[in-house]
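Hi,

Here is the structure I promised to pass on. Have a look at it first, then read my notes below.

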Amino acid sequence: MFLKKIMRSASPLFRKLQKLLDRMSTVLLENITGVRVVRAFNKEAHEQNRLNTSFSGYADTSIKANRMFASLDGLSFFTVNVFVILVYSFSGFRVTAGAFAVADLAAIIEYAMLALFYLMMAQMVILTLPRAIECADRVRTVLGFSPTIQDLTKKKVWFPASPAHVVQFQNVAFRFADSEEYTLKNLSFSCRRGETTAIIGGTGSGKSTVASLILRFNDVTDGALLLNGIDLRKMPQEQLRDHIAYVQQRAWLFAGTIRENLQYSNPNASDEVLWHALEVAQAADFVRSLPDGLDAFVAQGGTNFSGGQKQRLSIARALVKRPDLYIFDDSFSALDFKTDAALRRELAKETGDAAVLIIAQRVSTIRHAQQIIVLHEGEPVGIGTHDELLTKCSVYREIYEFCNPS
Ligand SMILES: Nc1ncnc2c1ncn2[C@@H]1O[C@H](COP(=O)(O)OP(=O)(O)O)[C@@H](O)[C@H]1O
Ligand SMILES: [Mg+2]
């Protein structure tokens with residue numbers, strides 16, 4: 001009964017302790033990764049307070065839990081001692097009365113100690129059990145989490161040879177699971193082989209979401225999305241992504257060397273191939289100027305390179321892959337106009353009959369695209385070439401005039 005009561009009161013305490021531990025590591029991690037923001041805003045004292053609060057919360061609860069243990073410890077020692085007194089007094093009389101040998105007394109005490117030792121062990125188990133159950137629960141939650149995007153088939157599908165439409169959006173609408181509003185609506189267009197398709201629109205208009213749908217990081221809510229004429233959900237994710245090279249909005253490099261980063265999609269790519277990709281991505285000059293060249297060190301997240309350098313290296317990494325479809329999500333934004341122009345000129349020669357999807361915010365980056373889709377609050381408000389859109393799409397005209405004030 002008593003033990004049951006202890007277990008019942010220890011469980012919520014440990015749950016709380018675990019939550020406080022989470023809080024402690026979140027605050028600590030935020031402070032370490034965001035240290036420059038903290039300093040720039042002179043928020044050291046505020047953060048110190050936040051740290052102190054979360055640390056002392058954990059300490060207080062730990063002390064409470066340990067007090068509970070300590071009282072239980074006291075109780076078990078008390079029981080042991082009472083037992084010893086009883087044994088001594090009972091057998092003491094018997095020994096003086098001559099009914100009991102000293103050797104018997106020693107044996108009784110030995111047995112009693114053995115029994116008590118296991119009693120203490122049991123107490124330890126009872127004390128650690130609530131914590132272990134709590135931890136096991138969390139492990140179970142993590143292990144029981146199943147990804148929302150599942151392969152319906154592991155078998156590769158057959159693609160027709162060089163179909164004209166690499167990607168087709170058929171009246172696609174998309175809503176994030178935790179959101180009530182649609183992020184994308186009424187989206188119908190194709191990315192054609194050998195052509196550049198561009199998406200332009202303000203921040204938050206849903207451009208990056210379009211890229212994440214093509215890569216099947218999310219599934220469309222309504223409508224259909226096809227690769228080479230086949231619904232994305234009908235092929236394994238691996239096969240889908242084998243056909244796409246994606247340069248994400250926030251360039252990401254892995255710790256290691258430039259060579260390892262460039263060979264990410266093709267470990268056998270020769271130095272010649274890597275240098276060619278760097279030339280096209282306008283990154284060859286700065287890589288050449290590094291003392292170690294291709295073997296130059298890349299820090300975690302690529303923090304030892306500038307934003308523009310990281311972007312160009314991730315473009316080069318995509319070029320090494322030679323896919324059916326290139327997706328550049330705002331990949332030219334950190335480049336100056338001259339580099340942007342040179343890169344696009346070289347890229348056009350390089351991509352050959354692959355389809356190219358460029359997401360951009362500047363008209364200059366995409367004005368030569370064969371097809372431009374203007375997104376506004378998740379809906380296409382214009383599809384056409386630069387000249388067509390200038391005459392018929394007011395949103396496009398606004399973006400254009402903003403980029404080129406007269
Ligand atoms: N994981 C997410 N969960 C819920 N809403 C999201 C998520 N990612 C983006 N959004 C929302 O979707 C909209 C479009 O985002 P995004 O496609 O990144 O825009 P863009 O790339 O055009 O700037 C935004 O309003 C944003 O708040
Ligand atoms: Mg974006």
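How much space lies in the largest pocket? About 420 Å³. Before going further, keep in mind that this is a predicted model.

That pocket is lined by 17 residues, and the ones closest to its centre are Ala245, Tyr246, Tyr264, Arg317 and Lys321. If you want to find the walls in the viewer, look for β6 (244-247) and α10 (307-321), each of which supplies at least two residues of the lining. By class, the lining of the largest pocket splits into 11 nonpolar, three polar and three charged residues.

The second largest pocket has a volume of about 330 Å³. Its lining is made of 20 residues, with Thr196, Arg344, Ala348, Ile358 and His368 closest to the centre. Four elements give two or more residues to this lining: β3 (196-201), α11 (337-350), β10 (355-360) and α12 (363-366). Which of them gives the largest share? That is α11, with five residues. Here the lining counts nine nonpolar, seven polar and four charged residues.

Now for the helices. Helix α3 covers residues 44-96, so to speak end to end in 75 Å from first C-alpha to last, close to the 78 Å expected for its 53 residues at 1.5 Å a residue. Just after α3 comes glycine 98, which takes a positive phi of about 80°.

On the surface, there is a nonpolar patch formed by Tyr111, Leu114, Phe117, Tyr118 and Met121, and together they have about 610 Å² of accessible area. Leucine 114 of that patch sits in helix α4, which runs over residues 102-143. A reminder that helps when looking at such spacings: an α-helix has 3.6 residues a turn, so residues three or four places apart point the same way.

Helix α4 also turns up in the salt bridges. How many are there in the whole structure? The search finds 17. In one of them, the side chains of glutamate 134 and arginine 15 meet at 3.3 Å, N to O. Glutamate 134 belongs to helix α4 and arginine 15 to helix α1 (residues 2-33), so this pair ties together parts that are 119 residues apart in sequence.

Over to you!

Key
Residues numbered from 1 in each chain as written. Chains lettered and ligands numbered in written order. Predicted model: local features only at pLDDT ≥ 70, side-chain atom pairs only at ≥ 80, totals over all residues. Heavy atoms only, no water. 1 Å grid on protein atoms, 1.4 Å probe; cavity = no way out; pocket = protein on both sides within 12 Å on 5 of 7 lines; lining within 4 Å. Points joined across faces, edges and corners; volume = space filled by probe spheres on them. Nonpolar A, V, L, I, M, F, W, Y, C, P; charged D, E, K, R; others polar. Patch = residues over 30% accessible without salt bridge, like charges linked within 9 Å, V, L, I, M, F, W, Y side chains within 5 Å. Areas by Shrake-Rupley, 256 points an atom, 1.4 Å probe, with all protein chains shown as cover. Salt bridge = Lys/Arg side-chain N within 4 Å of Asp/Glu carboxyl O. Expected span 1.5 Å × (residues − 1).
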